[in-house]
Amino acid sequence: MPETLIDKIWSTHRVGRRIDGKDLIYIDRHLLHELHAPEAFRKMTAAGRKVRRPELTFGVLDHTVSSAVGRDDQSNPDGVDFIRAMRAGTSRFGIRLFDLDDPFQGISHVVGPEIGLILPGMTYACPDSHASTVGGLGALAFACGTSELEHVLSTQTIAVTKPRSLRVLLGGRLSRLVGGKDVALRVLAEIGVAGAQGHIIEFAGPAIDDLEIEGRLTLCNLSIEMGARSGLIAADEKTFSWLEGRPYAPSGRDLELALEAWKSMRSDADARFDREVTIDCDGLEPYVTWGTDPSQALPVTGTVPDPDTLAPERRDRTERALEYMDLAVGTPLVGLPIQRVFIGSCTNARLSDLKVAAEVIAGRRIAAGVIGLVVPGSSLVKRQAEALGLDVVFTDAGFVWGESGCSMCAAGNGDHGEPGERCISTTNRNFENRQGAGVRTHLASPATAAAAAVAGEIVDVRDFLDRG
Amino acid sequence: MQPFQTVSGVAVAYLADDVNTDEITPVHRSLEPDFAELLFARRKRLADGSLDPSFPLNRAQFAKAEVLVAGRNFGCGSSRESAVWAMLAVGIKVIVARSFADIYRDNCLKNGLLPVVLVADDQDQLERDVIDADGASQAVVDLVTQTITSPTGTNFSFEMDAAERTALLEGLDDIGVSLREEGSIRAFELGLAIDSPWLIALPVATDID
């Protein structure tokens with residue numbers, strides 16, 4: 001019987017069935033972070049539990065670490081207890097921690113792929129809802145809470161009923177300066193924030209074939225915002241060459257064996273999905289959000305929608321969103337003045353994201369009165385960007401160039417905006433108060449955010465560059 | 001986990017859709033936060049920091065509410081389990097929502113908080129009953145019989161996966177249930193080592209070239 005990629009990963013990782021009927025799925029890799037792991041360590045110690053496979057488990061410091069240059073444990077006073085508890089816990093349980101001074105320090109979802117810890121056809125767990133980022137390499141991620149994290153540490157498995165499958169077929173070709181973020185916001189606008197509830201999404205189609213790996217990571221990153229359990233994209237030649245030579249990726253004879261396995265990890269041509277959604281990406285414009293959930297997104301040339309024209313169940317939320325965002329019906333997105341720009345996060349802080357933003361910025365300056373912050377997704381990205389001189393492009397333009405971490409995405413590290421500010425951000429959530437009390441967040445791609453920084457208002461980055 | 005026992009308590013309605021976990025519990029700044037204070041920390045307060053008297057959970061008659069009636073896609077966003085612990089910290093033991101975000105529902109089940117979804121017509125009626133009662137009488141939620149009696153006396157029944165129901169009623173240790181299969185886990189790992197050694201035997205890496 002023809003199988004989907006999800007079926008294949010499921011069947012190759014199914015350890016057995018629990019007495020309650022749930023499948024026990026083996027977890028190949030597990031990444032922990034300091035915001036949630038310390039509580040699990042505390043409970044495991046109290047219960048006398050051991051970590052089953054510490055060598056398949058890694059720790060990062062990302063949510064609470066300061067982005068200030070020359071940072072240490074105490075640079076973010078609210079982070080110090082988390083950082084130290086993480087250090088103590090990983091040491092106690094024999095888990096490698098990518099500490100502040102480690103070359104592999106960074107955001108879990110950026111670090112895992114870039115050092116080759118996550119590979120096609122794998123299963124992966126992380127106590128963070130954006131775990132599905134790694135789906136861009138063809139791996140199946142499980143985002144989990146703290147109890148689940150304890151379960152994975154103790155058993156190296158997750159007990160779960162198989163979710164339904166949803167294929168999102170993306171047709172057409174992406175135009176210049178339109179990438180994974182724009183595609184994700186387009187899908188979100190179509191299916192909504194609960195549209196994929198109970199499903200794992202496989203993204204496929206010509207637009208996906210065209211996307212580079214880092215764009216695929218961005219798209220899969222936003223699966224959770226669609227309500228999905230997870231999201232992934234079958235690995236192809238681009239994936240294999242992207243992984244080549246990464247520190248934890250297999251080499252030699254192991255790589256030959258792995259490649260053979262990886263190549264079979266794609267949906268069979270006649271495989272059946274529980275649901276399908278098709279979206280044409282030909283002529284897709286850069287997308288920007290106007291509201292307070294990531295599905296409240298429009299092409300940048302759009303205007304703020306009228307709640308009265310929407311379905312009743314969307315009306316209340318829209319009215320509330322417009323009030324919070326201080327937007328009037330019919331206002332064009334282009335021209336909205338912004339006061340802050342953040343380029344960073346597990347969504348859009350890989351090297352290609354910083355490159356495209358730097359291309360837009362190069363030789364220009366941030367508009368007067370706008371505050372700009374760029375925070376690389378990992379210390380490796382930071383080093384690679386600096387080797388290319390991107391840090392100078394950003395700082396010459398007036399941006400602050402920070403140390404790697406989650407930074408202003410969830411404002412858990414001391415970086416935040418001020419009440420009433422309009423902020424364009426390359427992150428994943430425009431929820432009320434997320435980037436600081438009263439901050440009005442517009443989600444966009446790195447190219448769009450960079451152009452807005454220079455213009456001091458939301459602009460169509462394609463016109464912006466054409467104008468010179 | 002504590003076994004789930006029949007709840008007889010005040011029901012409160014907060015009916016917005018897509019209530020996210022940032023709203024339920026903003027990122028905590030301490031390893032041992034005050035979860036009751038963290039619950040709806042921003043939502044429940046006005047700009048000047050005082051409690052918003054119009055926010056349902058702030059009203060005196062709902063101070064000891066044990067049942068929360070909610071909208072669609074409740075608990076979307078982050079996987080943070082604090083968004084469940086904070087409910088338990090104020091005494092909420094049951095959430096009846098139009099639908100739940102997947103991870104939030106998992107987190108409820110792992111902490112003995114009962115997530116219920118009624119058929120839409122029943123949910124409409126329950127919402128009306130809870131608003132009409134305004135905290136003056138109690139709702140009863142019985143997981144054994146899978147029934148809810150609204151504060152005004154309407155009876156509803158709800159579906160629940162049999163295994164999830166058993167786990168809640170018996171307060172089963174989820175990790176313990178999985179470890180019954182430890183032999184299978186060990187056998188699976190042996191197979192991995194033979195068939196896919198690269199998955200299980202990692203190279204040593206300290207930096208990139």
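The following questions and answers concern a predicted model with chains A and B. Local features need pLDDT of at least 70 and side-chain atom pairs count only at pLDDT 80 or more, whereas totals for chains, interfaces and linings use all residues. Residues are numbered from 1 along each chain as its sequence is written, and chains are lettered from A in the order in which they are written.

Student: How many residues of chain A are in contact with chain B?

Tutor: Two residues are in contact if their C-beta atoms, placed from the backbone, lie within 7 Å. By that criterion, 48 residues of chain B are matched on the side of chain A by 60 residues.

Student: Which elements give two or more residues to the side of chain B that touches chain A?

Tutor: Helices here are DSSP runs (H or I, at least four residues) and strands likewise (E, at least two), numbered from the N terminus. The elements in question in chain B are helix 1 (21-24), helix 4 (102-110), helix 6 (162-170), helix 7 (174-179), helix 8 (182-195) and helix 9 (197-200).

Student: Which residues of helix 2 of chain A are buried?

Tutor: A residue is buried if 20 or more other C-beta atoms, placed from the backbone, lie within 10 Å of its own. The buried residues of helix 2 of chain A pack against strand 3 (29-33), strand 4 (57-60), helix 3 (80-93) and helix 5 (146-155) of chain A. In helix 2 (residues 37-47), they are Ala37(A), Pro38(A), Glu39(A), Ala40(A), Phe41(A) and Met44(A).

Student: How far apart do the C-alpha centres of domain 1 and domain 2 of chain A lie?

Tutor: Domain bounds, which come from an automatic or database domain assignment, divide chain A into domain 1 (21-161) and domain 2 (289-467). Their C-alpha centres are separated by 27 Å.

Notes
Buried ≥ 20, exposed ≤ 12 C-beta atoms within 10 Å, placed from the backbone.
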